[in-house]
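Thanks for passing this one along. Below are my notes as numbered points, to be read with the structure open beside them.

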Amino acid sequence: WPEDVGGCSPGQFNVNVSANYLRHFSTSKAPDTPFVDYAGTTGDSAFSGGLLDPQFRWKTTTTVGYALGPWSASVRWRHLPSIRSATSATALPPGAYNQVDVSARWAVTKTYEVRAGVDNLFDVDPLVTGATPAVGTTFASTGAGTTYSSVYDVLGRRFYVGLKARF
């Protein structure tokens, strides 16, 4: 919701919070098998076609911005909680994941606008998934190279600049 800053300084301050809660994500592998609730888990790739993405119980995205005349800037924080493995009792759960992006915009004229930003500002690595600890004579698996690329940022810090022209 945008709000004029009022007497303390000129400009407009805005906050946007998007929170999603997944109550259930129940499915079965075949018509004659029981339903399993995958909410809050890494899913199960044994499905025909696979349930490859994690089903986070909840997740949030918060954006805080400030605008003053032709200028605006914002910071976006995306938070994903830790989840448990749906298929392995020994797999180490991926921890919570946080990513911060920043952006700015300048309306040079009514025709031209310049924007720039940094995605994944702190260059957060994607979380390793599928790692298992050593148990008895079983060797540990580091899960190296295993992640959910559709959920975690695998590209690292990125910079961008853009120009918009209206005709």
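1. How many residues lie between strand 5 and strand 6 in their hairpin, and which residue in the turn has a positive phi? This is a predicted model, and in it the hairpin has 2 residues between the two strands. The turn residue with the positive phi is G69, at about 60°.

2. Staying with that hairpin, strand 5 and strand 6 run antiparallel and are joined by 9 bridges. Beside the turn you can look for L68, which stands opposite W71 in strand 6. Another facing pair to pick out is V64, opposite V75 of strand 6.

3. Strand 5 (residues 58-68) has another partner to look at: strand 2 (residues 12-21), joined to strand 5 by 10 bridges. The two run antiparallel. If you want a marker for this pairing, take N14, whose bridge partner in strand 5 is G65.

4. Now for strand 6, which is joined to strand 7 by 10 bridges, again in an antiparallel arrangement. S72 is a handy place to start, as S72 stands opposite R105 in strand 7. Keep R105 in mind, since R105 returns below in a network of salt bridges with E113 and R166.

5. A general reminder before the charged residues: side chains of opposite charge can pair when their charged atoms come close. The structure holds 5 salt bridges. One of them joins the side chains of D101 and R76, at 2.4 Å from N to O. D101 belongs to strand 7 (residues 97-107) and R76 to strand 6 (residues 71-80), so this salt bridge ties together parts that are 25 residues apart in sequence. Is D101 buried or exposed? D101 is buried, because its relative accessible area is 7%, below the 20% cut-off. R76, at 37% relative accessibility, is partly exposed.

6. The side chains of E113 and R166 also meet in a salt bridge, here at 3.6 Å from N to O. This pair links distant parts of the chain, 53 residues apart: E113 sits in strand 8 (residues 112-119), and R166 in the segment after strand 9 (158-165). E113 counts as buried at 11% relative accessibility, whereas R166 is partly exposed at 41%. Together with R105, these two residues are linked in a network of salt bridges.

7. Please look at D153 and R158 as well. Their side chains form a salt bridge with an N to O distance of 2.8 Å. D153 is buried, with a relative accessible area of 7%, while R158 is partly exposed at 27%.

8. Last, the aromatic residues. A pair of aromatic rings is described by the distance of the centres and the angle of the planes. The structure holds 3 aromatic pairs. In one of these, Y148 and Y152 lie 6.4 Å apart, centre to centre, with 50° between the planes, and the pair is tilted. Why does this pair count as tilted? Planes under 30 degrees apart would be stacked and those over 60 edge-to-face, so the rest are tilted, and the angle here is 50°.

9. How buried are these two tyrosines? Y148 counts as buried at 15% relative accessibility, and Y152 counts as buried at 1%. To finish the picture, add Y97, which forms one aromatic cluster with Y148 and Y152.

Technical notes: Residues are numbered from 1 along each chain as its sequence is written. This is a predicted model: local features need pLDDT of at least 70, side-chain atom pairs count only at pLDDT 80 or more; totals for chains, interfaces and linings use all residues. Side-chain values use heavy atoms; hydrogens and water are left out. A salt bridge is a side-chain nitrogen of Lys or Arg within 4 Å of a carboxyl oxygen of Asp or Glu. Helices (H or I, at least four residues) and strands (E, at least two) are DSSP runs, numbered from the N terminus. Buried means under 20% relative accessible area, exposed over 50%, partly exposed in between (1.4 Å probe, protein chains only). Two strands pair if DSSP finds at least two bridges between them. Rings of Phe, Tyr and Trp (its six-membered ring) pair if their centres lie within 6.5 Å; planes under 30 degrees apart count as stacked, over 60 as edge-to-face and the rest as tilted.
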